[in-house]
Amino acid sequence: MGKVVMYSSVSVDGFVADDNDQPGPLFDWLSSGDVPLDESGELKVSQTSYDYTRPYWDQIGVTIVGRHVFDLTDGWDGKPPSGIDHVVVVTHRPQPEGWDSEAPFHFVDGVEAAMAKAQELAGDRMIEVAAGDVGGQMLAAGLIDEVRMDVVPVVFGSGKRYFGSVHAQHLLEDPDVVIQGNRVLHLRYQVRR
């Protein structure tokens, strides 16, 4: 079974989006460099960020997101982002009307079912869990191995929290990766067991 990683870009004060679900400058670092991060040519980062991010992306077999993120992105038009093989969507609703059932998206009810489906699909590859409410639920359920944050130098003041509505203390180890990129600080923490 692969490692389970909770991930997102985040403001210094811990938000993944503002109150209107807008990420503002949180993803500006993905266009602040001169090294292409993928084949699209749209994402260009510093060499330092590339050396950290590209190997991480290459390890991901499945991403788990909530229905809210799925709806905000229009399901990435049925193509998982960043070359990922599958997306598992945690939702209490059925897939959208007219959704292409051949698209590698899997709709499940609850975080435990999402993790079981992701493990089945990922094999020994990494499972990425989008930060926010679903990520926080998975952390609270003891399903997260590692927390990765791309901290962007902006303060939102309010918005959608990185850890969602977690209401209990969870200890992390000291960061084992701290990398300065252009307008971003890449951090990685192992979850203390």
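The legends below describe close-up views of a predicted model.

**View 1. The open sheet and its two edges.** Eight strands build an open sheet with mixed pairing, and their order across the sheet is β7-β6-β5-β8-β1-β9-β12-β11. Strands β7, residues 105-108, and β11, residues 177-181, form the edges, each of them pairing on one side only. From one strand to the next, the twist averages 20 degrees.

**View 2. The β11 edge and its partner strand.** At this edge, β11 runs antiparallel to β12, which spans residues 184-190, and 5 bridges join the two strands. Within this pairing, V177 has R188 of β12 as its bridge partner.

**View 3. Two helices that lie across the sheet strands.** Helix α1, formed by residues 47-59, lies across β1 (4-11), β5 (60-66), β8 (126-130), β9 (146-152), β11 and β12, and its direction makes an angle of about 45 degrees with β12. Helix α4, formed by residues 133-140, lies across β1, β5, β6 (86-90) and β8, in this case running at about 120 degrees to β8. Strands β1, β5 and β8 therefore appear in the contact lists of α1 and of α4, if contact is taken as heavy atoms within 4.5 Å.

**View 4. The span annotated as a domain.** An unreviewed UniProt entry carries the annotation "domain: Bacterial bifunctional deaminase-reductase C-terminal", which covers residues 7-172. In the model, the C-alpha atoms at the two ends of residues 7-172 lie 14 Å apart, and this span is 23% helix and 25% strand.

**View 5. The aromatic cluster around W76 and F105.** The structure holds 8 aromatic pairs. One of these is formed by W76 and F105, which are stacked, with a centre-to-centre distance of 6.4 Å and 25 degrees between the ring planes. This pair links distant parts of the chain, since W76 sits in the loop between α2 (67-72) and β6 while F105 belongs to strand β7, 29 residues apart. The two partners are set in unlike surroundings: W76 is partly exposed, with a relative accessible area of 24%, whereas F105 counts as buried because its relative accessibility is 5%. F105 also pairs with W99, and because the ring centres are 5.2 Å apart and the planes stand at 80 degrees, this pair is edge-to-face. W99 in turn counts as buried, at 16% relative accessibility. Through ring pairs, F70, W76, W99, F105 and F107 are linked into a cluster.

**View 6. Positive phi values in the loop between α2 and β6.** W76 lies in this loop, and its phi is near 50 degrees, a positive value in a residue other than glycine. D77 lies in the loop between α2 and β6 as well, and its phi, near 55 degrees, is likewise positive in a residue other than glycine. D77 counts as exposed because its relative accessibility is 63%, while W76 is partly exposed at 24%.

**View 7. P23 and its contacts from elsewhere in the chain.** P23 is found in the loop between β2 (15-17) and β3 (35-36), where it is partly exposed, with a relative accessible area of 26%. When its neighbours within four places in sequence are left aside, P23 is in contact with V16, A17 and F156. P23 and G159 are 136 residues apart in sequence, yet their C-alpha atoms are 9.5 Å apart in space.

**View 8. The largest nonpolar core and a second core.** In soluble globular proteins, nonpolar side chains tend to be buried together. The largest nonpolar core of this model has 28 residues, of which I64, I127, V129, M138, I144 and Y162 touch the most other members. Two or more residues are given to this core by each of β1, β5, β6, α3 (111-122), β8, α4, β9 and β12, and the greatest contribution comes from α3, with 5 residues. Not counting residues up to four places away in sequence, I144 touches V4, M6, V129, G135, M138, L139, V191 and R193. Apart from this core lies another, of 17 residues, which includes Y7, V45, W57 and F156.

Key: Residues numbered from 1 in each chain as written. Predicted model: local features only at pLDDT ≥ 70, side-chain atom pairs only at ≥ 80, totals over all residues. Heavy atoms only, no water. Pairing = 2+ DSSP bridges. Helix = DSSP H or I, 4+ residues; strand = E, 2+ residues; numbered from the N terminus. Axes fitted to C-alpha atoms, helices over the stretch in contact; angles between N-to-C directions. UniProt positions renumbered as here; feature names shortened; annotations may be inferred. Phe/Tyr/Trp six-rings, centres within 6.5 Å; stacked < 30°, edge-to-face > 60°. Buried < 20%, exposed > 50% of the residue type's maximum accessible area, 1.4 Å probe, protein only. Core = buried A, V, L, I, M, F, W, Y, C linked by side-chain atoms within 4.5 Å.
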